[in-house]
Structures are given as C-alpha cells and as structure tokens.
Amino acid sequence: PPPAGASPGALNPFDRRLKRKQKNWAALQAEPAKCDYLREEVGGRIADRVFDITRTFPLALDVGSGRGYIAQHLTKETVEKLIQVDIAENALKNAIESEIPTVKVVADEEFLPFKEDTFDLVVSSLRVWSPSHALCVCVLQIHQVLKPNGVFIGAMFGGDTLYELRCSLQLAELEREGGFSPHVSPFTAVADLGHLLARAGFNTLTVDTDEIQVNYPGLFEVMEDLQGKYILCMGESNCSWNRKPLLHRETMLAAAAIYQEMYGNSNGSVPATFQIYYMIGWKYHESQAKPAQRGSATVSFGDLAKIEGLLKRGKK
C-alpha cells in the first residue's frame, strides 16, 4: 500500500492487490476456451519467434504465464525445461498441458524470486504491459535473471488498443457528465518501449507491431465480451487507483451511438482493435557481433548509385 499521507498513485498508478484478485477470478471462469483465443494466438506468434532462433534453451522462464499460452506451442527440442510464473495461483492450477517439463511458481511479476544470470530464455505474452513503474521494474528484473547472451521475447498491448472504445466513452462522458475518467488501463507507445528496453541493458533490439481486429454487433456486446472474455479472462481489467466505479446508463447509450457513428462498419457491426507489440532483446555477451568502428568502411554509400549503371552495361 502507498505510504501514509501520499496519493495512492504516487508510486504506482495500479492497485496490485486488485490485479491479483482480477486474475484469480478470471482463471476460474467457465469455458475458458471461448475467451482465450486471443492470448493463444499471440502465444503462438511468440513461439514462432522462439523457433526462429536456431538454438536449444536448457532453462526458460514464462513471466505472467497464465494458463500456459506460450508453452503449449513450444517443443522440448527447443526448450528443455520451463518455469511458469504468475501472480494468480488459480491460473497456474488450470494450466494447459505441455510436452515440456514445467515448474509453476506463484509470484508477482514485479518481484521475480530468481537469482541473477539464471535463464537462457525469458518469454512473456500480454502480461508485462503497463506503461507504469511496473513495466520498468519487470523489464529490469527480466534482464537481471537472464544469462549473458540470453534472449527476451515478449508481447504486450500497444497504445492504439481499443482506441474506438476509449474515444467513444470519453466523448460520451464529456457530453453527459462534463468530464471523463479511465475505464481501460493505459498502454505504452512503441517508441517508449524501445527506449525502455535499451536503458534496461538489452541490445540487438527488435520491436514490431501487429493488429488483431474483432467485429461486434455494437458497443454493449464489446463491453460484455471485454468483461467476460478478453480483458477479465486475461486479468487485464482496469485497476487504476483513479478508476471510476460505474458508468451511467445515459452515458453508455450516448457512447454506443458515438461508437456506431464514428467507427461502424457498413454491415452495422463495430470493430474493436487490439494492437500488439512484439519485442526481442538480448543480454550482452562478448561473443555477440559488434558494430564496426566508425570510419572503417571501405565502400561509400555513394558508390551504390553506380551499381545499376554497371549492371546495365554488363547486360549489353
């Protein structure tokens, strides 16, 4: 809890105890397959990036593993042993079976209980996501527990996630109530993510973006699906200290009309966009390739303009 006399969001804008309750509640929902396909899809794409690295990882760590959305796509030929860490014990109890030998550990992503230079690979799917103090702490700890020449591969929600919903709610609240408060947890920007990884000590960085769009009949179906499926089943409901406890009916009706007017499809449905950032970063090791010294080049970029002319002469 925040120190006495301080604002609840002074050190961290998120209520970690509420976050744990949300994730435990989400893990107990019936028929998880109906709400897990987004995380399973992203988990498969992370696994594809692991397979792109032509090496075997003796020991790997899945931060915020949930029910094991990455592990189910990996093979024991690529990862020999996997440690799954999640803040919600219910998620680990209901984990999906995997062919990889796994060890499950209940721990907060901000306080990884492992020694320095322990893991050859760290992965994370849609859990290390907040643009807050928590994200900085998580990235630093991931770098710390990686061995030299170890790699971190992760995915998180991008800044344009659910922009249609957020904009519609904000405009409706401004119109009906004279102000607005956050109803969806904030997300980070791709430029900030690259800077953060570099400052944490990662090198040979790769950050790319992707979008997954889902269509719904209207705003109320979007809200119902987010509460019952995507957001709460992933444990990513809004847990900001300054969250608003409820939305008035008049505001919701206005937001539904704005959503349809601004973003509606020709068939009457409305889209909900999930922007995903994929990141890869390596921990430094002396065996890694290094950039050449400045001024050591033997060919000028200006010579590249002459290549086309030389090729034409050769054909003649």
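## Overall picture

How many helices and strands are there in the protein? This is a predicted model, and it has 9 helices and 7 strands. Of its 316 residues, 47% count as buried.

Contacts here reach a long way along the chain. If you take those between residues at least 6 apart in sequence, 79% of them join residues at least 24 apart.

## Helix 5 against helix 8

Two packed helices are described by the angle between their axes and the distance between the axes. Here the pair to look at is helix 5, covering residues 163-177, and helix 8, covering residues 249-263. Their axes come within 8 Å and cross at roughly 130°. That angle makes helix 5 oblique to helix 8, because it falls outside the range of 65 to 115 degrees and is not over 145. As for handedness, helix 5 passes helix 8 in a right-handed crossing.

Who meets whom? On the helix 5 side, the residues in contact are Tyr163, Glu164, Leu165, Cys167, Ser168, Leu169, Leu171, Ala172, Glu173, Glu175, Arg176 and Glu177. Helix 8 brings Glu250, Thr251, Met252, Ala254, Ala255, Ile258, Tyr259, Met262 and Tyr263 to the meeting. Sorted by class, the contact has 13 nonpolar, 2 polar and 6 charged residues.

## Asn265, after helix 8

Moving on along the chain, Asn265 sits in the loop between helix 8 and strand 7. Is Asn265 buried, exposed or partly exposed? Its relative accessible area is 27%, so Asn265 is partly exposed.

Leaving out residues up to four places away in sequence, Asn265 touches Asn215, Gln260, Val270 and Pro271. With Asn215 there is also a polar contact, side chain to side chain, at 3.2 Å. Asn265 and Asn215 are 50 residues apart along the chain, yet their C-alpha atoms are separated by 8.7 Å.

## Thr273, in strand 7

Next comes strand 7, which runs over residues 270-283 and holds Thr273. Thr273 has a relative accessibility of 1%, which means that it counts as buried.

What does the side chain of Thr273 make a polar contact with? The partner is the side chain of Gln213, at 3.2 Å. Gln213 also turns up among the residues that Thr273 touches, not counting residues up to four places away in sequence, together with Glu211 and Ile212. Asp160, Thr161, Leu162, Tyr163 and Glu164 are touched by Thr273 as well. Two of these names are familiar from the helix packing: Tyr163 and Glu164 in helix 5 are among the residues that meet helix 8.

Conventions:
Residues numbered from 1 in each chain as written. Predicted model: local features only at pLDDT ≥ 70, side-chain atom pairs only at ≥ 80, totals over all residues. Heavy atoms only, no water. Helix = DSSP H or I, 4+ residues; strand = E, 2+ residues; numbered from the N terminus. Buried < 20%, exposed > 50% of the residue type's maximum accessible area, 1.4 Å probe, protein only. Polar contact = N/O pair within 3.5 Å; in protein donor to acceptor, adjacent residues only side chain to side chain. Contact = heavy atoms within 4.5 Å. Axes fitted to C-alpha atoms, helices over the stretch in contact; angles between N-to-C directions. Parallel < 35°, antiparallel > 145°, perpendicular 65-115°, else oblique. Left-handed = near helix turned anticlockwise from the far one by under 90°. Nonpolar A, V, L, I, M, F, W, Y, C, P; charged D, E, K, R; others polar.
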